[in-house]
Amino acid sequence: MTEQPTSHEGRQPRAAGPQERTRPRPQTPPRAVGVPAQPSVASAAGEAIAEPAAGEGAGTPAVARAAAASLPRPDAGTGSGAGAGPVGRGQRGGSGAAAGAAAGGVPADGGGGGVSVAGGGTPGGARAVGGGGMPDGGADGGEGLLDPAGAARREADRLRFVGAATRRIARGIDLDEIVLGLCRATVPTFSDAILVYLRDPLPVGDDRPVDPFVLRLRRTDRLRLTEDGGELSLTAADPDDELDLGPASELCEVRTGGALAEVLRGVRPVFGDSAAARAAFPELLGDNRCVPTGHRAILAPLRGRRRVIGAAVFLRRPDRSPFEPGDLLVAAQLATHTALGIDKAVLYGREAYIADELQRTMLPENLPQPTGVRLASRYLPAAETARVGGDWYDAIPLPGSRVALVVGDVMGHSMTSAAIMGQLRTTAQTLAGLDLPPQEVLHHLDEQAQRLGENRMATCLYAVYDPVAHRITIANAGHPPPVLLHLGGRAEVLRVPPGAPIGVGGVDFEAVELDAPAGATLLLYTDGLVESRMRDVWAGIEQLRERLAATAQLTGPDHSPPLEALCDDVLDMLGPGDRDDDIALLAARFDGIAPSDVAYWFLEPEDAAPGRARRLARRALARWDLEELSDQVELLVSEVVTNAVRYAERPVTLRLLRTDVLRCEVGDDSPQLPRQRRARDTDEGGRGLFLVNRLARRWGATRLSTGKVVWFELST
């Protein structure tokens, strides 16, 4: 289907020329009641209507000017009594016209209002819905016509309704909110039922839409009378309802060159009794579906910035006055604002998805589970409209069963902040792999931030926990201090050197070593948790400390609170005005490794070292009742120690750790990492790491500042 561009987009009404300003306006001859209205008003206003941006309520002055231009002057010779009135306007019956509300259900300020039944009505039962405002169209066969003043009031009411409805539609930020705003704005004030069809899938931006062109019923709302009285309410489909199309077709494939495609290509709304709409409705709604007769149905295409993205169907009951030609302009305005809003919502949804994916890939997908420590984490964006930020956390396993705990915060909440955060996190992981001291890691991060550009500021806290020594070493770069929750329920703010933020340059960082008792919990966080417009950072830190102590009291002095529940409870302390920044939270529970589960020796780099290592390992396994692992451990220890002795110049270290697995670590002063290779049949060596790889549960080698460590694990 070839799609034509919108013919009115951005067009302003043409100003009258000098001759047109002085030319007398022709008098409108009297017309008998019941003669069909001429389309001059609709066409004139349609040429003047522009496509405003969603949410601005623009375009309504054009409708007013077009409507005013179509009204005769008071001295233009219009007759009085029956049969006199402006051409194209609905007539008012002698029994009283049913007046509808322009803002009933949609107040003038854009808010929702109550639904009620207005007084008055024709003998046929025509009624108006709302609390006053835009009238319904005049009933056929009325005894009098609206005078120019009444028509002007009708146009003003219609403009107020369009303004209120477009404001309500523009309030939505996602697709469902925009469609719901359209339905709530039009039912029951403008129509008794509405069906909204959208393209499936919706094209995004400049993406080319996929074929075939399929419309899916996104939402349908309608009005009916309740059984216990005359009060109107929005309900689900009712088999006995005269407006029940049902059920309407959920999917509709728009055939190229078909009747529905022609209506959608035309962009302008059409009445349901027009030839084009009568041919398009069976294709859209499905076979054997009928719509109310007369001007009681409007089919309005939804065209976005570049293409048609759907259609809306407005319906009125037979006992309600039909639509007027001017209502086509109202439907066009509502359709335009809805389509432009949907375009923006789809673009926003894609941007939000990109932001979510970016933030998710920048943070750890799963935290490691190193020996002697349990970890839990949380991340909260600043708001739904700012899903990316510069906060991050990380946990990095280190040689010797140690673990590095990192939390940082890059200034800002933009894609740039997230990109800088990702680079700093990668740098921190690389530096941690070199087993540098915490203060050296921060020093190199500071240099990296300066290389990234000017004003690349960030705060960071880097800590290394040793489960064997039960000690933790912390270095700080302008970050809020961590809080340590002891097993008995006492919470304290650790005194660490504050340091300068990363990116300042030329600043030395200090490290402090503290006790990390078993059962204690260390909480690392970013300033978004403790600082907001409502409180300063130190008041927030004190509130956090009190919250942790209160939570620990609930589990008793001998039991630590569960980590996941502790993180959730900490986040619950945030009030409605406390979310000014994104939040990263990392909690570490120190279990440690008991000294009785550790065996440590120094071996001289000599030929007898492998044999001595086998004997020491056998004795340790016997002490731990793990004799069944003796053969494997002796073989693997012999191979790894042999490789270390070959290149070492200083004593070799051998350490066995018993936890849920048996871990063996062999360290030497040679920085060259061993690599597994396939030995040839004639080679005398080269099979040691092949045996380690086949027999061990896991193994690896890590370069240190003083050499390297080769380790392997066996299941106990």
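Which residue in E19 is the bridge partner of threonine 521? The first legend picks that up; every view here comes from a predicted model.

**View 1. Strand E19 with its pairing partners E10 and E18.** Arginine 589 is the E19 residue that bridges to threonine 521. Strand E18, residues 521-525, is joined to E19 by 5 bridges, and the two run antiparallel. Strand E10 (residues 373-380) pairs with E19 too, again in the antiparallel sense, over 8 bridges. Look for alanine 376 here: its bridge partner in E19 is alanine 587.

**View 2. Strand E19, covered on both faces.** E19 spans residues 583-590, and 8 of its 8 residues are buried, so the strand is largely enclosed by the rest of the structure. One side carries Ile583, Leu585, Ala587 and Arg589, all of them buried. The other side shows Ala584, Leu586, Ala588 and Phe590, and those are buried as well. Note that Arg589, the partner of threonine 521, belongs to the same side as Ala587.

**View 3. The open sheet E11-E12-E13-E14-E17.** Here 5 strands line up in that order, with antiparallel pairing. The edges are E11 (391-397) and E17 (511-515), each of which pairs on one side only. From one strand to the next, the twist averages 15 degrees. Inside the sheet, E12 (residues 403-410) and E13 run antiparallel and are joined by 8 bridges. To find your way along that pair, start at valine 410, which stands opposite alanine 458 in E13.

**View 4. Helix H9 lying across the sheet strands E11, E12 and E13.** H9 covers residues 415-433. Its direction is at about 15 degrees to E11.

**View 5. Helices H5 and H8 packed against each other.** The axes of H5 (residues 175-186) and H8 (residues 325-362) come within 8 Å and cross at roughly 165 degrees. With angles over 145 degrees counted as roughly antiparallel, that is therefore how H5 and H8 run relative to each other. The crossing is right-handed. On the H5 side, the contact is made by Leu175, Ile178, Val179, Leu182 and Thr186. H8 brings in Leu334, Thr338, Gly341, Ile342, Ala345 and Val346. Sort the contact residues by class and you get 8 nonpolar, 3 polar and no charged ones.

**View 6. Two cis peptide bonds, ending at proline 188 and proline 201.** One of them joins valine 187 and proline 188, with omega at about 10 degrees. Proline 188 sits in the loop between H5 and strand E3 (193-199). The other runs from aspartate 200 to proline 201, and its omega is near 0 degrees. You'll find proline 201 in the loop between E3 and strand E4 (214-225).

**View 7. Positive phi at asparagine 455 and histidine 470.** Neither of these is a glycine, so to speak of them as a pair is handy: asparagine 455 has phi near 60 degrees, and histidine 470 has phi near 55 degrees. Asparagine 455 lies in the loop between helix H10 (438-452) and strand E13 (458-466). Histidine 470 is in the loop between E13 and strand E14 (471-477). Is each one buried or exposed? Asparagine 455 has 68% relative accessibility and so counts as exposed. Histidine 470, at 23%, counts as partly exposed.

Note on methods: Residues are numbered from 1 along each chain as its sequence is written. This is a predicted model: local features need pLDDT of at least 70, side-chain atom pairs count only at pLDDT 80 or more; totals for chains, interfaces and linings use all residues. Side-chain values use heavy atoms; hydrogens and water are left out. Axes are lines fitted to C-alpha atoms, for helices over the stretch in contact, and angles run from 0 to 180 degrees between N-to-C directions. Helices (H or I, at least four residues) and strands (E, at least two) are DSSP runs, numbered from the N terminus. Angles under 35 degrees count as roughly parallel, over 145 as roughly antiparallel, 65 to 115 as roughly perpendicular and the rest as oblique. A crossing is left-handed if the near helix is turned anticlockwise from the far one by less than a right angle, and right-handed if clockwise. Contact means heavy atoms within 4.5 Å. Ala, Val, Leu, Ile, Met, Phe, Trp, Tyr, Cys and Pro count as nonpolar, Asp, Glu, Lys and Arg as charged, and the others, Gly among them, as polar. Buried means under 20% relative accessible area, exposed over 50%, partly exposed in between (1.4 Å probe, protein chains only). Two strands pair if DSSP finds at least two bridges between them.
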